[in-house]
Structures are given as structure tokens and as C-alpha cells.
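Student: I am new to this structure and would be grateful for a guided introduction. Could we proceed by question and answer?

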Amino acid sequence: MKKVALDEIMGLERYEQARDECRKRIIALKKHRRVAVGDEITFVFENHDTMWFQIQEMLRAEHLGDLDRVREEIEVYNALIPDPSELSATMLIEITEESEIRKRLVSLIGIDQAVTMDVGNGVLVHAEFEAGRSKEDKLSAVQYVRFRFSDAARRAFLDRNQPVRLIIDHPNYRYHALLDGALRDSLAEDLEAA
């Protein structure tokens, strides 16, 4: 998948003028790239456009115009764009009760070993989590996840006769979600582009 290039980035003033339209477009796009797995965890599958938007928003929030800092932001977010035969996602642990956040996050330690995608035909793709976001006594509520597909897994995902499920099998959180409809179509486009 194409990475974000420096010449795609709008200056702060130009982006401010276009921001409302950009936000509407990205919200519509993410609607077809988001899936809830259970009642506390959501995955948003990333691509070039979602990361372009994140870069623009970060530059806006931090008032960054310095070219070297802009390049740094591009490099950071480009690392989250999937490579060929991959899907990548931001996994959000959404705990609404503030007094329960720490306790609930601690109870989910080890979740980075508990996420798989069942792409049919008995083929599982194990999630690879970004290092450093989970420790023995602490878990970040935002995780970056990558699914690397073998040729067989990619073919199985693209076979519309096979159901695809995103599975979390953690002792304190066991749920799965079917990836179908517009979500699956969107993710299949990413894999077909490989």
C-alpha cells in the first residue's frame, strides 16, 4: 500500500480551510473500516487515507510547520500503513467507567497474545502487536496491530464463500466479530492491491 509522501501534506492554513470536508470523507471511510469485538474493544483498520488524516490532525494539533518535524510525523505514521499482504489496525480498548479503567486494563494484560483472524479453510492469522505498549503491570488502551497474510491466508480471505472472523480469546475477554459487507470489501481491496 502506498505510503504518505511529503508532497501530499497540506500546510496548516490550507488544511484548516479543507478540514471539514476532509473529516467528513475520513469519517465515511472509517465507517467501513471499523469493527467492534465485544463491548469494550474496537478495531479501526488503517490505510493510506486514514494515516494521511492522522498526520494532518497531528500537525494541526501541535502547530507543526517545521519541515523536519513534518517528515518525522510522516515516518511515524507511515509505519502503521500495512505492507503488501498485510492489514493493520488500531485496537482501542474503550472503558467508559473512569474508576474502572486501570483495573480493567490490567485484567486484559496478555491480550497481545489472544487476537487472531480466522480467514476460513482452517487458516488463522495471528495478530502482531507493536512492542512496548503492554508491560507486566500496565496496558495501553491504544494498541497497534498487524496481520501478516501468507498466500494461502490471503486467498482464503478473498474467497467470498469463506466467513472471516476477528477473534479475541483472552481469559477475561472472549468475543469474536464477523468481518463482512462493506468492511470486508474495504479490507479485501487492501489485500488485492498487494
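Student: How are helix 1 and helix 2 oriented to each other?

Tutor: In this predicted model, the axes of helix 1 (residues 12–31) and helix 2 (residues 48–61) come within 10 Å and cross at roughly 140°. An angle over 145 degrees would count as roughly antiparallel, and one of 65 to 115 as roughly perpendicular. The angle of roughly 140° fits neither range, and the two helices are therefore oblique to each other.

Student: Which classes of residue make up the contact of helix 1 with helix 2?

Tutor: Helix 1 contributes residues including Leu12, Tyr15, Arg19 and Ile26, while those from helix 2 include Trp52, Phe53, Gln56 and Glu57. By class, the contact has eight nonpolar, three polar and eight charged residues.

Student: What is the handedness of the crossing of helix 1 and helix 2?

Tutor: The axes of the two helices cross at roughly 140°. The handedness of this crossing is left-handed.

Student: How many residues of strand 3 are buried?

Tutor: Strand 3 spans residues 86–93 and is mostly covered. A residue counts as buried at under 20% relative accessible area. Of the eight residues in strand 3, the number buried is seven.

Student: Which residue of strand 3 is the bridge partner of isoleucine 41?

Tutor: Strand 2 (residues 41–46) runs antiparallel to strand 3, and six bridges join them. Within strand 3, the partner of isoleucine 41 is isoleucine 93.

Student: Which residue in strand 8 stands opposite leucine 87?

Tutor: Strand 3 is also joined to strand 8 (residues 142–148) by seven bridges, and these two strands run antiparallel. Opposite leucine 87, in strand 8, stands phenylalanine 147.

Notes. Residues are numbered from 1 along each chain as its sequence is written. This is a predicted model: local features need pLDDT of at least 70, side-chain atom pairs count only at pLDDT 80 or more; totals for chains, interfaces and linings use all residues. Side-chain values use heavy atoms; hydrogens and water are left out. Axes are lines fitted to C-alpha atoms, for helices over the stretch in contact, and angles run from 0 to 180 degrees between N-to-C directions. Helices (H or I, at least four residues) and strands (E, at least two) are DSSP runs, numbered from the N terminus. Angles under 35 degrees count as roughly parallel, over 145 as roughly antiparallel, 65 to 115 as roughly perpendicular and the rest as oblique. A crossing is left-handed if the near helix is turned anticlockwise from the far one by less than a right angle, and right-handed if clockwise. Contact means heavy atoms within 4.5 Å. Ala, Val, Leu, Ile, Met, Phe, Trp, Tyr, Cys and Pro count as nonpolar, Asp, Glu, Lys and Arg as charged, and the others, Gly among them, as polar. Buried means under 20% relative accessible area, exposed over 50%, partly exposed in between (1.4 Å probe, protein chains only). Two strands pair if DSSP finds at least two bridges between them.
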